[in-house]
Amino acid sequence: MIYNWLLLFLIVPILVHLFSFRRAKKYFFSTLKFVKQVSSSSKSRTRLKYYLILINRLLLFLAIILLSSSILNTTDSLYFEDNFKIYFDDSASSSIEEDGISLYDRGINYVQTLGMAIEIVDFDSEYDFSYLPKAVKDQDYNLYVSDFQGIDKIFLENLKVDTTKSHSFLILGNISNNQNLYVDTLFFELNSSDLSKQRIVLIPGLSGERSEGTAVFRLLNDSRQISSVAVDFSKLNRIEFDVPTDLKGEFTVQISGDNVYYDNEFFFMLDPRPRPKISILDELGNEYLREVFANENVFDLQILDPGSIDYDVIGKSDIIILNSLKKLPNGFISKIQGKAVILFPSQNEKDITLWEGIKNASRIENTSASNFEIDDKHPLFSGVFAKPQKQVEMPFGTPIFDIDGDYEILISFRSNYPYLIKPRNSNVYLFNAPLDTESSNFASHSLFLPLMYQLAFSSLKYDQQIYHYPNDLMEISVENQEFPPKLSSETLELIPEFNPSSNGLVITFPKLDPGFYKLSHYKDSVKMAINISKKESIMKGVKKEELEQVFERFSNIKILTIDSLTDETPPLNKSLWRYALILMFLVSEVLLHRLLK
C-alpha cells in the first residue's frame, strides 16, 4: 500500500505541471512606438526551466511523504492491504491502565495515527474469539489487536491461516506482568455458634506472585453496606461474613486496595435460608437426638413411627435419621433414593451391607472402647472446633463392625476401625457404634451438636444458583418451549440463546456487563447475578514469544507490541531536518522562477 501512496503523490505534481501552462493574452493597440523591447529566449532554455521546476516539485512531494511518519513507520511494522480491517479486543482486562491510559484506548490511539479509513470490529477475547478464524478464512482483516488474556494457546496452534494474505497481531500491554485481586469462589457455611445467622465465605484469588498490600472487602445488600473485612495479602486465604438467615435480595462484594484492576465487584443473589426438613425414625426414642433438632425456628422436625411410616413426609424430607432400627420396612430403601440419610446401628445390628458401597460388614467380637480421631481440616468440621483439636478431649465409643467397601472415613477410632463413614457416590452417613450411652459418650459430648448441624445443613440443597458467568447454562421448567425467555436490566433487554430440553428450556448466558438481571418467561421471572469470568481475572495472557513460536511457520504474519511500535516511531522533535528539506525545495523553486526568466 505504501507504493500506491508514493505513486499518487508523484503523479499529482506531474499533472499540475502539465496542465498549468499560462495562455497568451491578446492586447489591441494602434501603434508600435510604445512597445517595449523584450529579451528573447530559446525554446531549449524554456524547456530547461520547466524540467528543473518539475524535478524540484517532485522532490518536494517526496519530502512530504518522508515527513508522514505515521504512514512510513507503520508500514515498516504492519502489513497493509486493501479492505483494511482491524479486530479490536474490548474485553474487561483491556481496561487496565498503564501510565494513566487504558490498554484499549492506547491501542485505539495508535491505530488512529494510521490516518486511514479503517473498519474496527470490537470483540471479547474470551467469548468472541471465533472472529479470528472467521477473519482468517474470509481474508478480511489486516490487524488483530488483543491482550490475549484468557485465550488458550492450543486454540491458536490449531488456527488455519490463509498464507495468501498478510496479517499482523498487536499485543496490548503485558498482562502476565500484572497482578489482580478477585473473588475466585463464594459459598455458604454453617455458623454453629449462632444458628440465627449463616456464614458467607468467599475465597479471593491473587494472580501473579503474592506481594505486599492490604485489601478491603465490603459486603452490600441492596446497595447498603452491611459488613466489611480488611486483610493483609499475606493472610489472603478466605473472607467470612455472618448475615441473618432471613436476609435476601441483591448482594455485592466490593474490593478495594492494592492490585485491584477492573473486576472489583462480585454479584450474587440470596434467598432466606430454608429450614431443613428432618424426619427421625427411632426405635429407642433417644432424647439427645430429638433435642438437637428441637429448635423450630431452625429445623422442621418430624418424629415418625418406624412401624407405620408416612412416605409422603419421607418424600418431602431433606434428611432422614435412622436410629437402632431392628429391621428396615420393605421398599424403604427405594423410597429414600437421593435423600440424605444418617444411620446409627443398634447393639443387635448384624448386617449393613444393604447400603450401596458397603461390600462387607462383619461383626467385631470382644472389642474395647476407643477414642475418636478427627481430621479437623475436613470441610465437614469447618467451624466445629473453636480451638486446636489437641486441646479438646475426644469422645470415645466401641466399634461393632469391621467394614469393607468403597467409602470415605470422616471419623475413625484410634484402634483403626472407622467410626463415621460415607460411601462414595452417595449421600449416606453411617456411624459404627450405637448412640446409647453404654456404647459411646458421643451423644453427650460437645462435638455431637455441631457435627449433627453440619451433617444436616451440608445435606440441604439450595434450589437457586446464586451467581452465573457468561456462557453458563441454566435450565428452567416451562410448558411452552416455543416462547422465548427474556433477559433484562435497567438499560438492556434481549433474548438469550435457548434450546428445548426434557424439563423445559436450556438458556445460555451471553456476554453481558456484570450486574443484576431479570430472567422472564411468560408471567414468571427470577432475579440473577452475572459476573466477569474468572478467566478474565487471572491476568495470565499469551506472551509475544509464545505467539511468535505458534506462528513461526507463517512468513505472512507479524507479532508486534504497543511498546515496540512506540520505539520504532521516531519523535517529531528529532526530525527537524525534514522540515528544513521542504523549506529548501520551496526556496529553490522561488529562485528557479527568478533566475530562469
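## A loop to start from

Where is the place of Asn348? In this predicted model, Asn348 sits in the loop that links strand 17 (340-344) and strand 18 (358-363). Its relative accessibility is 65%, so Asn348 counts as exposed. If you measure from C-alpha to C-alpha, Asn348 and Ile400 are 9.4 Å apart in space, with their positions 52 residues apart in sequence.

Asn323 is a good companion to look at next. This residue belongs to strand 16 (residues 319-323), and because its relative accessibility is 1%, Asn323 counts as buried. Leaving aside residues up to four places away in sequence, Asn323 touches Leu281, Asp282, Glu283, Asn286 and Leu289, together with Phe344 and Leu435.

## The whole protein

Let us step back for a moment. The protein has 597 residues, and 45% of them count as buried. Its secondary structure comprises 13 helices and 32 strands. Among contacts between residues at least 6 apart in sequence, 69% join residues at least 24 apart. The accessible surface comes to about 33,100 Å², and carbon and sulfur atoms account for 50% of that.

## Strand 19 and its partners

Strand 19 (residues 370-374) pairs with strand 20 (residues 396-397) through 2 bridges, and the two run antiparallel. Here Ser370 stands opposite Gly397 of strand 20. Strand 19 also pairs with strand 22 (residues 407-413), again in the antiparallel sense, over 3 bridges. In that pairing, Ile374 has Ile411 of strand 22 as its bridge partner.

Just beyond, Tyr417 is found in the loop between strand 22 and strand 23 (418-423). With 25% relative accessibility, Tyr417 counts as partly exposed. The C-alpha atoms of Tyr417 and Phe372 are 9.7 Å apart, although the two residues are 45 apart in sequence. When residues up to four places away in sequence are not counted, Tyr417 touches Ile364, Thr367, Pro399, Phe401, Asp402 and Ser412.

## One side of helix 4

Which residues are buried in helix 4 (residues 103-112)? They are Leu103, Tyr104, Gly107, Ile108, Tyr110 and Val111. These residues cover an arc of only 165° around the axis, so they lie on the same side of helix 4.

## Salt bridges

Side chains of opposite charge can pair when their charged atoms come close. A search of the whole structure finds 10 salt bridges. One of them joins Arg199 and Glu240, whose closest N and O atoms are 3.7 Å apart. Arg199 lies in strand 8 (residues 197-206) and Glu240 in strand 11 (residues 239-244), so this pair ties together parts that are 41 residues apart in sequence. Arg199 counts as buried at 12% relative accessibility, while Glu240 counts as partly exposed at 35%.

Back at strand 19, the side chains of Glu373 and Arg414 meet in a salt bridge, 4.0 Å from N to O. Since Glu373 lies in strand 19 and Arg414 in the loop between strand 22 and strand 23, the pair ties together parts that are 41 residues apart in sequence. Glu373 counts as partly exposed, at 39% relative accessibility. Lys486 forms a salt bridge with Glu493, and here the closest N and O atoms are 3.8 Å apart. Lys486 is partly exposed with a relative accessible area of 32%, whereas Glu493 counts as exposed at 57% relative accessibility. Salt bridges that share partners also join Arg199, Arg238, Glu240 and Asp242 into one network.

Technical notes: Residues numbered from 1 in each chain as written. Predicted model: local features only at pLDDT ≥ 70, side-chain atom pairs only at ≥ 80, totals over all residues. Heavy atoms only, no water. Helix = DSSP H or I, 4+ residues; strand = E, 2+ residues; numbered from the N terminus. Buried < 20%, exposed > 50% of the residue type's maximum accessible area, 1.4 Å probe, protein only. Contact = heavy atoms within 4.5 Å. Pairing = 2+ DSSP bridges. Arc of directions from axis to C-beta. Areas by Shrake-Rupley, 256 points an atom, 1.4 Å probe, with all protein chains shown as cover.
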